[in-house]
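User: I'm new to this one and would like to know what the labels rest on. Could you take me through them?

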Amino acid sequence: MRVGIMGGTFDPIHLGHTGIAEAVRSALTLDGLWFLPAGDPPHKRCVASARDRLDMALCAAEAISGAQVSDIEIRRKGTTYTVDTLKALSEAHPHCEWVYIIGADTLRILSQWKDIREVAKRCIFAVVHRPGVDATQIELALRKLERECGVKAELVEAQGPDISSTEIRSRIARGQNIDRLISPRVAEMIRQRGLYLCAMGWEEIDETLRDTLKPDRYVHTLGVAQTAKALAPVYGIDPMRAYLAGLLHDCAKSMDKEEMKRRVANEVPDTDEAELSAPQVLHAPAGMLLAKERYGVQDAEILSAIRKHTLGGANMSPLEALIYVADFIEPNRKPFEGLERVRSLAERDIALAARECARLTSEYVRKSGGTPHDKTIQLINEC
Ligand code: ATP
Ligand code: MG
């Protein structure tokens, strides 16, 4: 029995993976086809969690008759190596012959796989053309791998489509369409779980926030994110985009004050002296810079929601208003006069709720002897 193994990080799985797997299965008349999401691969950092990558693979494989998904690597602790996977598979299925399916770009790093000679004893490789890899390079690479590592490989005359997970991740982060690159059901799973909205996965975002924010700030941050997510559907906003904006709204809170001021003055064009000399509001524009550079956020509206969450401003978009208001009303806020009114407004009219927050803020600033910023006044005066 010859079984094709389609391994990869599948971050996310796309029509290139499923397409080449099926092409090899029919070209080599394989008896089985297994998708094998990598656990923690040595050469790469994954964005989505192992669980999400496994679920996406299961979802994609469901649409391919006779295909299965193995979670053998996902279940293994620590860095996962193909050599260990093949040893375990051969022990569990001694009568199977393994055909490891790869795209031609993988040939460039195959000699670096751990114990490649041992891998080569346990499987043959089926290699598929991939855009960007020259056919003559493939021939040369195959000969070299055979000579130096004992790799046995068959070049299948199929051409993988011009699709990569990297391109898909970047399109999602920029809010672009991925319709023809990925199965609709996987796309829906990505949307529901809010995967790839920025360059960091949810687990890493959480770790980074825990490491960089004080504990009470972290708790407040979660409160804002959850409040924004819960209210988002009322205003037709994608809940996970709202959640991400909420999570990152205070991400610059622990940045050094001098650095914050210098960077905002140099890199954020719409700042004025009044804002630059108010340290308590500067983490908003600084947060926009950090969200872009550390977390890889490219969604302009998420960035501007972070940027505007302290002062507000004229003509705020629903997401901007939502983050501004969620910051005010999240459940960990100590009660203050007017809080319950804003909470109830937030459930039906986010623009009105934002105006009420601006009014309460400017009242508080005046009482403390300060002058409210023009942007806050503009928000109050909006009709
Ligand atoms: P990333 O951009 O994150 O590296 P990827 O699209 O290359 O993702 P992987 O999970 O790294 O996907 O790939 C797993 C295997 O599938 C590799 O052997 C790769 O060469 C092959 N592969 C992926 N996409 C294609 C494609 N469009 N054509 C041919 N082979 C592909
Ligand atoms: Mg790749």
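Analyst: What follows goes from the ligand to a salt bridge. This is a predicted model, where local features need pLDDT of at least 70, side-chain atom pairs count only at pLDDT 80 or more, and totals for chains, interfaces and linings use all residues. Residues are numbered from 1 along each chain as its sequence is written, chains are lettered from A and ligands numbered from 1 in the order in which they are written, and side-chain values use heavy atoms, leaving out hydrogens and water.

User: What makes the link between Lys44 and ligand 1 a polar contact?

Analyst: A polar contact is a pair of N or O atoms within 3.5 Å. A polar side-chain atom of Lys44 lies 2.7 Å from an oxygen atom of ligand 1, so the pair qualifies. For His14 the value is 2.8 Å, and for His17 it is 2.8 Å, so these pass too.

User: What is the make-up of the shell around ligand 1, by class?

Analyst: It has 6 nonpolar, 13 polar and 4 charged residues. Asp, Glu, Lys and Arg count as charged, Ala, Val, Leu, Ile, Met, Phe, Trp, Tyr, Cys and Pro as nonpolar, and the others, Gly among them, as polar.

User: Why is the pairing of Glu148 and Lys144 called a salt bridge?

Analyst: The term asks for a side-chain nitrogen of Lys or Arg within 4 Å of a carboxyl oxygen of Asp or Glu. Here the N to O distance is 3.7 Å, so the name fits. Glu148 and Lys144 sit 4 residues apart in helix α6 (residues 135-149), which means about one helical turn separates them. The whole structure has 31 salt bridges.

Notes
A polar contact is a pair of N or O atoms within 3.5 Å; within protein, one must be able to donate a hydrogen and the other to accept it, and residues adjacent in sequence count only if both atoms are side-chain atoms. Helices (H or I, at least four residues) and strands (E, at least two) are DSSP runs, numbered from the N terminus.
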